[in-house]
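Please look over the sequence and structure shown here with the bench in mind. The briefing concerns the overall fold and the way individual helices are buried.

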Amino acid sequence: MDPFLVLLHSVSASLSTGELTDLKFLCREQVGKRKLERVQSGLDLFSVLLEQNDLEPQRTELLRKLLTSLRRHDLLRRLDDFEAGAAGGAAPGEEDLSAAFDIICDNVGKDWKRLARQLKVSEAKMDGIEERYPRNLRERVRESLRIWKNVEKEEATVARLVGALRACQMNLVADLVEEAQGLQNQSGAMSPMSWDSDTSALEVP
């Protein structure tokens, strides 16, 4: 099953009638009036956008803008997970990167710009992030990390994130990321039969 279609189905099921009306209004430039009149659900709208190639797994900018306009941060998180590979079929290292993002978002806070600059996110991009998330530091951090990942592509690794954190003197956060990666790799190497006997090895003293 296509993970992108699963994502769109999930988003559609989470939309209220009012939010669908808002999306139809926001898509007037992309979708003709007659097609919009026939749209009765999020799936209808997404199907039109897919047919017009306005939505693709590699081009999610429009979906992100729409969800941001609705202020549906929960749905934006699902989109983030899809882009990070957590929706299934993730490439090697993608799950580690997604876990690192979560830890950084939970712990960086008001110093997010310092980390963003270390990751070469432009001032213009940071200004745009502040406009989209005026009161949500966590989402500012996540958006800056997403921009970095999209630019760096295969070069975006946990090791580079840890290096950037340490360059910013955010050593405690870097330690948390490294510890989480070590635990994840260790648990991934276990077989189901050995889980109970090895659980104690994962406990923090």
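The points below go from the whole chain to two of its helices.

This is a predicted model, and its chain contains 13 helices and 0 strands. Of the 205 residues in the chain, 39% are buried.

**Overall fold**
- Read along the sequence, the pattern is α-α-α-α-α-α-α-α-α-α-α-α-α, in keeping with the count of 13 helices and 0 strands.
- When contacts between residues at least 6 apart in sequence are considered, 58% of them join residues that are at least 24 apart.
- The chain has an accessible surface of about 11900 Å², and carbon and sulfur atoms account for 50% of that surface.

**Helix 4**
- Helix 4 spans residues 42-51, and its buried residues are Gly-42, Leu-45, Phe-46, Val-48 and Leu-49.
- These residues lie on the same side of helix 4, because the arc they cover around the axis is only 155°.
- The cover over the buried residues of helix 4 includes helix 1 (3-13), helix 2 (17-26), helix 3 (33-38) and helix 5 (61-69).
- Asn-53, which comes just after helix 4, takes a positive phi of about 60°.

**Helix 11**
- In helix 11, which runs over residues 158-167, the residues Val-158, Leu-161, Val-162, Ala-164 and Leu-165 are buried.
- Around the axis they cover an arc of only 160°, so they sit on the same side of helix 11.
- Gln-169, found just after helix 11, takes a positive phi of about 65°.

Methods
Residues numbered from 1 in each chain as written. Predicted model: local features only at pLDDT ≥ 70, side-chain atom pairs only at ≥ 80, totals over all residues. Heavy atoms only, no water. Buried < 20%, exposed > 50% of the residue type's maximum accessible area, 1.4 Å probe, protein only. Helix = DSSP H or I, 4+ residues; strand = E, 2+ residues; numbered from the N terminus. Arc of directions from axis to C-beta. Contact = heavy atoms within 4.5 Å. Areas by Shrake-Rupley, 256 points an atom, 1.4 Å probe, with all protein chains shown as cover.
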